[in-house]
Amino acid sequence: MVDFGGWDMPVQYSGIIDEHLAVRRSVGLFDVSHMGEIEIRGRQAAELTDFVTTNSVRKLKQGQAHYSGLLYDHGGFVDDILVHKVADDHFFLCVNASNQGKDFEHIRQQNRFDASVEFSSDRYSQLAIQGPKAQATLQKLTPVDLGSIKYYWFTDGQVSGTPARIARTGYTGEDGFEIYAPPSEAVRLWNEVLRAGEEFGIKPCGLGARNTLRLEAKMALYGHEIDASISPLEADLGWIVKLDKGDFVGRASLLKQKESGIKRKLVGFEMRGRGIGRDGYEVYLEGAPAGWVTSGSPAPSLNKNIGLCYLPTEQAQPGKTIQIMIRNQPVDAVTVETPFYKRAK
Amino acid sequence: MYPENFRYTKEHEWVAAVGDAGTIGITDHAQQGLGDIVYVDLPKVGTHIEQGKSLGSVESVKAVSDIYSPVSGGITQINQTLAEKPEMLNSDPHGAAWLVKIKLSAPAELAGLMSAAEYEAYIGAEK
């Protein structure tokens, strides 16, 4: 068990590689109850949500979710979040555990709308059922027709007799569901899902596999690829920034960045030499320090050592030979296209 | 579980010595904590290492960890198999996945290390 932002959480159950491969090949279950929830309600709930996030809330339909950014005025990340449109006057935000307090304060400070902001983390536990057999597993426990929920849509229904929000979302690069339910039911639901997935060889998965899975899929982790000093344009997350949607917090800074050009950009790499370029290691280009690694790990599905790093924008493109300083030794790597892993659809 | 003829460190290494000929490894508790091991870095034969100093490192999917030498001495042999099969450290840390052989320069150091019973009590308390 490790301390993760104040939560006592398992890094692994049966082993990171074993858990990782279970999710890619069949199904895995994650307890992600540490994630925070914030709810925005009221006549101008959409206006407030649109104003504090980078993606276009107006484009969301009821029952649809999207990935988005919560920015400071200077364009750096407060957090990266999922926005769910429950109703025209109700938005449900899933945020990072360690950021939830500051996210809530940030949104409240920006609230000059007819809307209420509620910190509701205590009302939700969250389980993630991920992998090609996620639907077959969860379907045993719910009358909701899961096949009718499209990727990044959700519905409110019941799981094993308990009211639950069932979202077809995830942080693994695999198909799957994230369910939000009352904490009092969490342990029972965890056991029910494990039983339902038994025939598929379901594995309980920890933070370790969650990290290797998201890295293969090139999904950002706050504190690594993004933080208060990094903008979504630098993090290669331009697709969640809708500059033409109207004003939002951070927009002016992003516009300026777009005009003058960003200085650094996130790019993927594969190790060529022996070793793993890990978080914080320096990256060299032609013998000179040029950037840093944000995440690095063996990729269990790919049998390679992969990672993400920041490099000067003009160098941040696939096919560049770089060196990563691993315990004072330069080790060769090459920049590559991302995501490293993409599931067959 | 923990062999009686080994001596153990708080950093989860073991040493088995006959006279001044020692074998060093990491404990089962250590491999469990590290998880899937993907690389093992060991010193060159002939290197002299002081007790408590870094002997090399083991790298798991999750992180890199230093290995500290439980005793002082000169490295006489390294376990070449681990370069090819680092995962052996997960399956047989007290046996085939030993790390290095060492010629102890101060065998008296052994007395300062934990017995199997003491080590088991130590990791029991750590949990």
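Biologist: How many of the 8 residues of helix 2 (residues 45-52) of chain A are buried?
Modeller: Keep in mind that this is a predicted model. A residue counts as buried if 20 or more other C-beta atoms lie within 10 Å of its own. By that rule helix 2 of chain A is mostly covered, and the number of buried residues is 7.

Biologist: Which elements of chain A do those buried residues of helix 2 pack against?
Modeller: Let's start with who they are: A:Ala45, A:Ala46, A:Leu48, A:Thr49, A:Asp50, A:Phe51 and A:Val52. These residues pack against four strands and a helix, all from chain A. The list is strand 4 (36-41), strand 5 (65-71), strand 6 (77-87), strand 7 (90-95) and helix 3 (100-110).

Biologist: While we're at helix 3 of chain A, is A:Gly101 exposed, partly exposed or buried?
Modeller: A:Gly101 is in helix 3 of chain A. Exposed needs 12 or fewer other C-beta atoms within 10 Å, and buried needs 20 or more. A:Gly101 has 13, so it comes out as partly exposed.

Biologist: And what separates the C-alpha atoms of A:Gly101 and A:Lys245?
Modeller: Along the chain, these two are 144 residues apart. In space, their C-alpha atoms are separated by 27 Å.

Biologist: Are helix 1 and helix 6 of chain A roughly parallel, roughly perpendicular or oblique to each other?
Modeller: Their axes come within 8 Å and cross at roughly 55 degrees. Angles under 35 degrees count as roughly parallel, and 65 to 115 as roughly perpendicular. The crossing angle fits neither, so helix 1 of chain A is, relative to helix 6 of chain A, oblique.

Biologist: Is that crossing left-handed or right-handed, and which residues of helix 6 of chain A make the contact?
Modeller: The crossing of helix 1 and helix 6 of chain A is right-handed. On the helix 1 side, the contact is made by A:Ile16, A:Glu19, A:His20 and A:Val23. By class, the contact has 4 nonpolar, 3 polar and 1 charged residues. From helix 6 of chain A come A:Gly208, A:Ala209, A:Thr212 and A:Leu213.

Biologist: Now for the two chains together: how many charged residues are on the side of chain A that touches chain B?
Modeller: Here 10 residues of chain A are in contact with 6 residues of chain B. Helix 1 (16-25), helix 6 (207-216) and strand 16 (288-299) of chain A each give two or more residues to that side. The side divides into 5 nonpolar and 5 polar residues, and the number of charged ones is none.

Biologist: What ipTM does the predictor give the complex?
Modeller: Chain B averages a pLDDT of 95, and 98% of its residues score at least 70. For the complex, the predictor gives a pTM of 0.92 and an ipTM of 0.78.

Biologist: Which residues of chain A is B:Asp36 in contact with?
Modeller: B:Asp36 sits in the loop between helix 1 (28-34) and strand 4 (37-41) of chain B. With 23 C-beta neighbours inside 10 Å, B:Asp36 counts as buried. Leaving aside neighbours within four places in sequence, its contacts in chain B are B:Ser60, B:Val61, B:Glu87 and B:Asn90. In chain A they are A:Gly15, A:Ile16 and A:Ile17.

Biologist: Let's look at the start of chain B: which residues does B:Tyr2 touch, not counting residues up to four places away in sequence?
Modeller: B:Tyr2 lies in the segment before strand 1 (7-8) of chain B. B:Tyr2 is partly exposed, with 18 other C-beta atoms within 10 Å. The residues that B:Tyr2 touches are B:Ala116, B:Tyr119 and B:Glu120.

Biologist: Is A:Asn303, which has a positive phi, buried or exposed?
Modeller: A:Asn303 has a phi of about 55 degrees although it is not a glycine. You'll find A:Asn303 in the loop between strand 16 and strand 17 (304-312) of chain A. It has 7 other C-beta atoms within 10 Å, so A:Asn303 is exposed.

Biologist: What is the phi of A:Asn328 near?
Modeller: A:Asn328 is in the loop between strand 18 (321-326) and strand 19 of chain A. With 5 C-beta neighbours inside 10 Å, A:Asn328 counts as exposed. Its phi is positive, in a residue other than glycine, and near 70 degrees.

Biologist: Last one: is the peptide bond from A:Thr338 to A:Pro339 cis or trans?
Modeller: A:Pro339 lies in the segment after strand 19 (329-336) of chain A. Omega for the bond is near 0 degrees, and the bond is cis.

Terms used: Residues numbered from 1 in each chain as written. Chains lettered and ligands numbered in written order. Predicted model: local features only at pLDDT ≥ 70, side-chain atom pairs only at ≥ 80, totals over all residues. pLDDT = per-residue confidence, 0-100. Contact = placed C-beta atoms within 7 Å. Nonpolar A, V, L, I, M, F, W, Y, C, P; charged D, E, K, R; others polar. Axes fitted to C-alpha atoms, helices over the stretch in contact; angles between N-to-C directions. Parallel < 35°, antiparallel > 145°, perpendicular 65-115°, else oblique. Left-handed = near helix turned anticlockwise from the far one by under 90°.
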